[in-house]
Amino acid sequence: MGETVESRAVELDIRGKKRIFDVDDPVLPDWVDDHALESGEFPYKKKLNEEDYLEQLEKLQVELVKVQFWLQATGKRVMALFEGRDAAGKGGAISASSAHMNPRLARVVALAKPTEREQGQWYFQRYVAQFPTAGEFVLFDRSWYNRAGVEPVMGFCTPQQYEGFLKQAPQLEKIIAHEGIFFFKFYLDIGREMQLKRFHDRRHDPLKVWKLSSMDIAALAKWGDYSEKRDRMLKETHTDFAPWTVIHANDKRRARLQLIRHMLNRMDYDGKDEAALGAIDKEIIGSGPGFLK
C-alpha cells in the first residue's frame, strides 16, 4: 500500500462565491486565470511588453551602477526593505535591482527563522547586525516587519510582542534616519487571484517548486487576516522619516521599474541621467496606506 497523499484543496471566498482551489491540480481554474491581472483593482489590462521592459530596465541598472561608485566615493549607505504577501514579487524585484551591482558592495539579506540564541535577544538585534557599512547597498528580502504580518497571523509571536513591535519600529527607524542612511520601505501589493496564480505556477514549474512552502498553503485561507495586519502596519509605521512606498505589483515588470526609479529619484548621485530614469507611474506607485485600493 502506498502512502495516502493529503489533499491541499481549500475552500475560499472569492468575489462573494465559494471556490475550491487545489494547488496540486495541474489545470489552473478559469476563475483564477481570467481575473488574475485585474485582481485588487489593478489599473492595467495587459502586462508591460517585455521588450519595453528590458530596454527600460537596462537604463535603470546602469544608473544603479553609478550609485555604487557614488557610495564608494562618499561612504554613504543605502538600505531597502521589500515586504508584501507571499508571491508578491519581492525576490524578483531584488534581483532586478542588484543584478549588475558589485556583489561585494550590494548584499541581499534573507534571514532564516531565528535560532534559540536569537530568540532570547532584543527582537531587532539580528537585523541591526545586517545594516550597511560605508559604501554598502543592503536589500532585505523580508525584514523585521515579519512581526507585523506573518508572525501574528500564524501565531509565532504573542499579542504583547506584536503590540510592542508596532511601538518600537518607528523608534528604530528614526535612529536610522538620523544616521543618514538612505532608507526605503517597499510594500508590494497583489490581488488575490494573482497570488493564487503565482502559487500554482510555482507548484508546477520544476525550477520554482522550491519556492512554494507549507506556510504558503496554510496562508491561503488567511487572506483577510493578512490584509488586516497589513493595513495596521502601514498605518502605524508610515512616518515622515521612514515612509512606506506601496506598489501595485500584479505586473512584475511595471513594479520593478517603478521601485528602482523611486530609489534613484531619491538619491543625488554623481552622473545622474534624468532622461534615463523615465517617468514615475502614479497608477503603480504611491505613498503610505492611502494608496491601497
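## Terms to start with

A residue is called buried when its relative accessible area is under 20%, exposed when over 50%, and partly exposed in between (1.4 Å probe, protein chains only). A salt bridge is a side-chain nitrogen of Lys or Arg within 4 Å of a carboxyl oxygen of Asp or Glu. For charge, Lys and Arg count as positive and Asp and Glu as negative, with His and the chain ends not counted.

## The model

This is a predicted model, where local features need pLDDT of at least 70 and side-chain atom pairs count only at pLDDT 80 or more, while totals for chains, interfaces and linings use all residues. Residues are numbered from 1 along each chain as its sequence is written, and side-chain values use heavy atoms, with hydrogens and water left out.

## A buried arginine

Let's visit Arg 192, which sits in helix 8 (residues 192-203); helices here are DSSP runs of H or I with at least four residues, numbered from the N terminus. Arg 192 is buried but has no salt bridge. Its nearest side chain of opposite charge belongs to Asp 13, 6.2 Å away.

Leaving aside residues up to four places away in sequence, Arg 192 is in contact (heavy atoms within 4.5 Å) with Leu 12, Asp 13, Ile 14, Ser 39, Leu 220, Ala 221 and Trp 223.

Note on methods: Helix = DSSP H or I, 4+ residues; strand = E, 2+ residues; numbered from the N terminus.
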